[in-house]
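Colleague: I have not seen this structure before. Please show me how to read it.

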Amino acid sequence: MSIGHTLLGLLESGPRHGYDLKRAFDEHFGHDRPLHYGQVYATMSRLLKNGLVEVDGIEQGGGPDRKRYAITEAGVTDVGQWLARPEKPEPYLQSTLYTKVVLALLTGRSAAGLLDAQRAEHLRLMRGLTERKRSGDLADQLICDHALFHLEADLRWLEVTAARLGRLAEAVRA
Amino acid sequence: MIPAGSLLSAVGLRKSYGPTRALDDADFSVHPGEVVAVMGPSGSGKSTLLHCLAGIVRPDAGTVTYDGHRLTDLPDAERSALRRGEFGFVFQFGQLVPELTCVENAALPLRLAGLRRKEAEAKALHWLERLDVADARDQRPGEVSGGQGQRVAVARALVTSPRVIFADEPTGALDSLNGERVMELLTAAARETRAAVVLVTHESRVAAYSDREVIVRDGTVRDMAGVL
């Protein structure tokens, strides 16, 4: 997730202080990983430098965290372009898992065991998401569904890989 | 060894169909109120395990114990009686009787057990309401959607207040949302009544409704609880 674009988007509804931005971010997107104040201020400095936000006011007696930020025209254009651009589908997990499976086969360790452990870990997470869906509102359900479908795709890859371990072992040892 | 507190357990199950070994020293157990997903590739022995646990198929070797009774030692008539009274079944395709209405289908296990029509259908209607499908009570299975039909099948499985529910790919013929609804209702009802559920599925999203999973591979059962 692009934190810069997300904070910019949150500013579109009106100027906010840094702490207010963090609170809004956490409320909407930070369920599992709330934003650090440091991340907010580092990001805002960058956005300020790039002309995507401007300082709208500074409260008396405060440090740098008392700045109030407003989005600029360039910032609005930037958010629009980001929202219109599809995300690149990244095989982020498969490359790591593939490396581990191949290394397990090369070193004579149990690749099937490794895949089983990964499957159990995936299912553990899926159970948590399913439970959160059960007790949550529509937003929770949609966010959890997205995660569940992705985890399901990973699990399918684990199944297929498990079914092909014999062939893979022959290939890597050849 | 039978795990303490288990309601249904199997030890050392072996079953072959001709030269094909479907189960090879398979162990399994489930506690009251627990939902266990049975996963594994096609042809790994998942359904054979379910059929042996439910007393539908007699294993070549090994024992199945239900609530202190050795299922594998019981004569056919007693096993059938146990199946009708204590177990509920949901399959991939609802297997409803096409000539009967939905409420008559859901009431069928009670009617077969000798209950009067009015009483049986009142109980069936209670479950149809719980499963949000009471509107279809007077329709025949051919007149309702797949999701509704499957919920009627779940109502039929629950109507006898079974202590074990066997579900073999219960959402296999449904889309994601309908499948989810069936799983939510099935697991909520089972937890409420403390019924154990043996859930055969190849879908991880369905298995995520379970409390734990076991993997059947080449006829043996691997309990994933100790993997992590």
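Colleague: How many residues does each chain bring to the contact of chain B with chain A?

Modeller: Two residues are in contact if their C-beta atoms, placed from the backbone, lie within 7 Å. Here 13 residues come from chain B and 14 residues from chain A. This is a predicted model: local features need pLDDT of at least 70, side-chain atom pairs count only at pLDDT 80 or more, and totals for chains, interfaces and linings use all residues. Residues are numbered from 1 along each chain as its sequence is written, with chains lettered from A and ligands numbered from 1 in the order in which they are written.

Colleague: Which elements supply the side of chain B that touches chain A?

Modeller: Helices (H or I, at least four residues) and strands (E, at least two) are DSSP runs, numbered from the N terminus. Helix H7 (204-207) and strand E9 (212-217) of chain B each give at least two residues to that side. The largest share, three residues, is from H7(B).

Colleague: Where are the domains of chain A?

Modeller: Domain bounds come from an automatic or database domain assignment. In chain A, domain 1 covers 3-84 and domain 2 covers 92-173. Their C-alpha centres lie 35 Å apart.

Colleague: At what angle do the axes of H2(A) and H3(A) cross?

Modeller: Axes are lines fitted to C-alpha atoms, for helices over the stretch in contact, and angles run from 0 to 180 degrees between N-to-C directions. The axes of H2 (residues 18-29) and H3 (residues 37-49) of chain A cross at roughly 115° and come within 10 Å. Gly18(A), Leu21(A) and Lys22(A) of H2(A) meet Tyr37(A), Val40(A), Tyr41(A) and Met44(A) of H3(A).
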